[in-house]
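Please open the model in a viewer and keep the sequence panel visible. The tour below proceeds by selection, and each stop states what is to be found there.

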Amino acid sequence: MAWDGNLQLFHRGEGHEPQAIAGTTTAGVRFAVENAIKGVSACCPSYNNSRGGLTFSLYPWAGSVVASRARGAIATKRFEDFEDNQTLELSFAKQPAGVYYAELSRGTERVGVWKAKQGRQGVESFLDGCPVDGVFEFG
């Protein structure tokens, strides 16, 4: 799928819950695209106070979360004091079709990402580098 502002990596309408991201906690998704992409987004709660921050990064997938991070980020952006449930957008130079890992990290105050019950086929979510059920709402 080509990035048109929303990759739709998860199924909407099936209910969701927030996943807190604080300190060293990381939440990410591995996904494949058949066409070039130039951005990824995530809907992030700030628990009604619009304070706190998150770092949003995109990596080329290298077989594991650790190996992907070791290759270095394609793009990284820090978001501070964003609105509750704001869609954070990470834009970058066009990247070719392939497999990628998008991650939210370095949470401060009380922030997180929404997690849906089901993702699209081939999408896998990771909490602190370990696979988890459901899918974080990246798009």
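**First stop: His16**

Select His16, which is partly exposed, with a relative accessible area of 44%; buried means under 20% relative accessible area, exposed over 50%, and partly exposed in between, with a 1.4 Å probe and protein chains only. This is a predicted model, in which local features need pLDDT of at least 70, side-chain atom pairs count only at pLDDT 80 or more, and totals for chains, interfaces and linings use all residues. Residues are numbered from 1 along each chain as its sequence is written, and side-chain values use heavy atoms, with hydrogens and water left out.

His16 belongs to strand β1. Helices (H or I, at least four residues) and strands (E, at least two) are DSSP runs, numbered from the N terminus. Display the surroundings of His16: leaving aside residues up to four places away in sequence, His16 touches Trp114, Lys115, Ala116 and Glu137, where contact means heavy atoms within 4.5 Å. Add Lys117 to the selection; its C-alpha lies 6.4 Å from that of His16, although the two residues are 101 apart in sequence.

**Second stop: the sheet of three strands**

Extend the selection to the open sheet of 3 strands, with the order β1-β8-β11 and antiparallel pairing. Two strands pair if DSSP finds at least two bridges between them. β1 (16–20) and β11 (135–136) stand at the edges with a single partner strand each, so one side of each is left without a neighbour in the sheet. Strand β8 (residues 112–116) runs antiparallel to β11 and is joined to it by 2 bridges. Within this sheet, Ala116 faces Val135 of β11.

**Third stop: the sheet of six strands**

Now select the other open sheet, in which 6 strands follow the order β5-β4-β7-β2-β9-β10, again with antiparallel pairing. Here β5 (75–80) and β10 (130–132) are at the edges; each has a single partner strand, so one side of each lacks a neighbour in the sheet. From one strand to the next, the twist averages 25 degrees; axes are lines fitted to C-alpha atoms, for helices over the stretch in contact, and angles run from 0 to 180 degrees between N-to-C directions.

Which strand is joined to β2 (residues 27–33) by 7 bridges? It is strand β7 (residues 98–108), which runs antiparallel to β2. Centre the view on Gly28 to find Glu103 of β7 opposite.

**Fourth stop: rings and charges**

Show the aromatic side chains; the structure holds 7 aromatic pairs. Rings of Phe, Tyr and Trp (its six-membered ring) pair if their centres lie within 6.5 Å; planes under 30 degrees apart count as stacked, over 60 as edge-to-face and the rest as tilted. One such pair, Tyr101 and Phe126, is edge-to-face, with 6.0 Å centre to centre and 80 degrees between the planes. Tyr101 lies in strand β7 and Phe126 in strand β9 (residues 124–127), 25 residues apart, and the pair links distant parts of the chain. Are Tyr101 and Phe126 buried or exposed? Both are buried. Add Tyr59 and Trp61 to complete a cluster that ring pairs form with Tyr101 and Phe126.

Next select Arg30, whose charged end sits over the ring of Trp61, 5.8 Å from its centre. A charge sits over a ring if NZ of Lys or CZ of Arg is within 6 Å of the ring centre and within 35 degrees of the ring normal. Then move to Arg110, which lies over the face of Tyr47 at 4.0 Å from the ring centre.

**Last stop: the chain**

Finally, select the chain, which has 1 helix and 11 strands. Of its 139 residues, 45% count as buried.
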